[in-house]
Amino acid sequence: MPLKVVKWLAAIVGGIIALYAIYIGIALYRLPSVALLVDRRMNLTIQVKDWQGKPHPFVVGPRNPWWTPAADMPSEMDWAVIVAEDANFYRHEGIDVKAIKNAIKYDLEKKRFARGASTITQQTAKNLFLSREKTVTRKIEEIYLAKRMEQELTKGRILELYLNIVELGPMVYGIGHGAHYYFNKPASTLSPRECAFLAAMLPGPQKVYNPYRHLDRVLKRSDMLLRLLRENGVLTEAEYRQAMAETPNISGMQRKVDQSFTGKVRRFFRNLFGIFR
């Protein structure tokens with residue numbers, strides 16, 4: 001290839017990179033400030049989606065009736081989520097380089113995007129401020145916001161926000177709502193087994209770890225999380241054995257499963273025969 005052509009192509013590529021860098025700079029400049037999150041009395045309205053993809057307003061803060069302050073959250077709930085989602089939460093500064101390397105290695109072995117490496121801070125930034133689109137630009141924005149959050153907020157505040165916005169079911173957002181939805185109790189009274197049950201759903205409450213469809217899978221994963229809590233000193237051996245012997249009281253969920261099934265049957269026959277009104 002002639003040298004002149006090489007230089008011409010290099011100039012084009014360099015120009016594209018420069019333009020993208022400018023675009024990224026503008027995008028980062030336009031991101032909202034995370035400083036408002038410092039105030040625990042703050043209320044922020046974001047958009048969340050139901051399982052049909054329809055957006056709904058959602059209040060993050062004390063005005064949300066399901067909001068659970070950090071002081072009322074069981075420590076077992078905090079740690080169940082940490083060991084499930086971000087084992088290095090208290091050691092990293094927003095991003096986990098080691099986890100990213102392991103995820104890249106795993107994805108290359110599987111030849112597909114099979115494992116993510118987003119920290120709790122990154123997930124909180126995404127849930128509060130960003131869309132769900134999977135693009136390089138959005139990932140850069142997520143990392144930038146995560147680093148800013150780590151500079152402005154305490155780890156406890158980041159975890160409090162995360163636990164109150166995480167998805168746990170159909171329009172069920174936050175541990176407080178999840179505790180009532182599945183167990184008919186406030187989050188403050190959750191047992192270690194119930195904490196592990198909720199944390200076990202986090203990788204995918206809509207599909208992979210949807211307790212409506214894969215209850216056995218959720219229970220198996222919760223067993224694993226309880227074992228990690230014991231290994232990390234969160235639970236004593238006696239507390240671990242007691243939790244493993246406990247059968248989660250999922251009567252609240254079962255009623256919703258039954259209602260959901262009944263509703264589907266009614267809709268099916270209504271659409272098929274037009275006889276249910």
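Start with the whole protein chain on screen: its accessible surface comes to about 16,200 Å², and 57% of that belongs to carbon and sulfur atoms (areas by the Shrake-Rupley method with a 1.4 Å probe; for residues, only the protein chains shown count as cover). This is a predicted model, so local features need pLDDT of at least 70 and side-chain atom pairs count only at pLDDT 80 or more, while totals for chains, interfaces and linings use all residues. Residues are numbered from 1 along each chain as its sequence is written, and side-chain values use heavy atoms, with hydrogens and water left out.

Now colour by pLDDT, the predictor's confidence in each residue from 0 to 100. The chain's mean is 85, with 82% of residues at 70 or more. Select helix H6 (residues 155-165) for the highest mean among the elements, 98, then helix H11 (residues 251-273) for the lowest, 53. Where pLDDT is low, the predicted coordinates should not be read in detail.

Switch to cartoon and you get 11 helices and 4 strands (DSSP runs numbered from the N terminus: H or I of at least four residues for helices, E of at least two for strands).

Next, select 44-60. Strands S1 (residues 44-49) and S2 (residues 55-60) pair antiparallel over 6 bridges; pairing takes at least two DSSP bridges. Gln47 sits opposite Pro57 in S2. In the hairpin, 5 residues lie between the strands, and Gly53 has a positive phi near 85°. Show side chains on S1: Leu44, Ile46 and Val48 point to one face and are buried, whereas Thr45, Gln47 and Lys49 point to the other and are not. Buried means under 20% relative accessible area, exposed over 50%, partly exposed in between (1.4 Å probe, protein chains only).

Which residues of helix H8 are buried? Select 192-200: 8 of the 9 residues qualify, namely Arg193, Glu194, Cys195, Ala196, Phe197, Leu198, Ala199 and Ala200.

Leu198 leads to the last stop. Along with Leu37 and Ile175, Leu198 touches the most other members of the largest nonpolar core, which has 62 residues (buried Ala, Val, Leu, Ile, Met, Phe, Trp, Tyr and Cys joined through side-chain atoms within 4.5 Å). Centre on Ile175: leaving out residues up to four places away in sequence, Ile175 touches Met73, Met77, Leu163, Val166, Leu168, Ala187, Leu190 and Leu198, where contact means heavy atoms within 4.5 Å.
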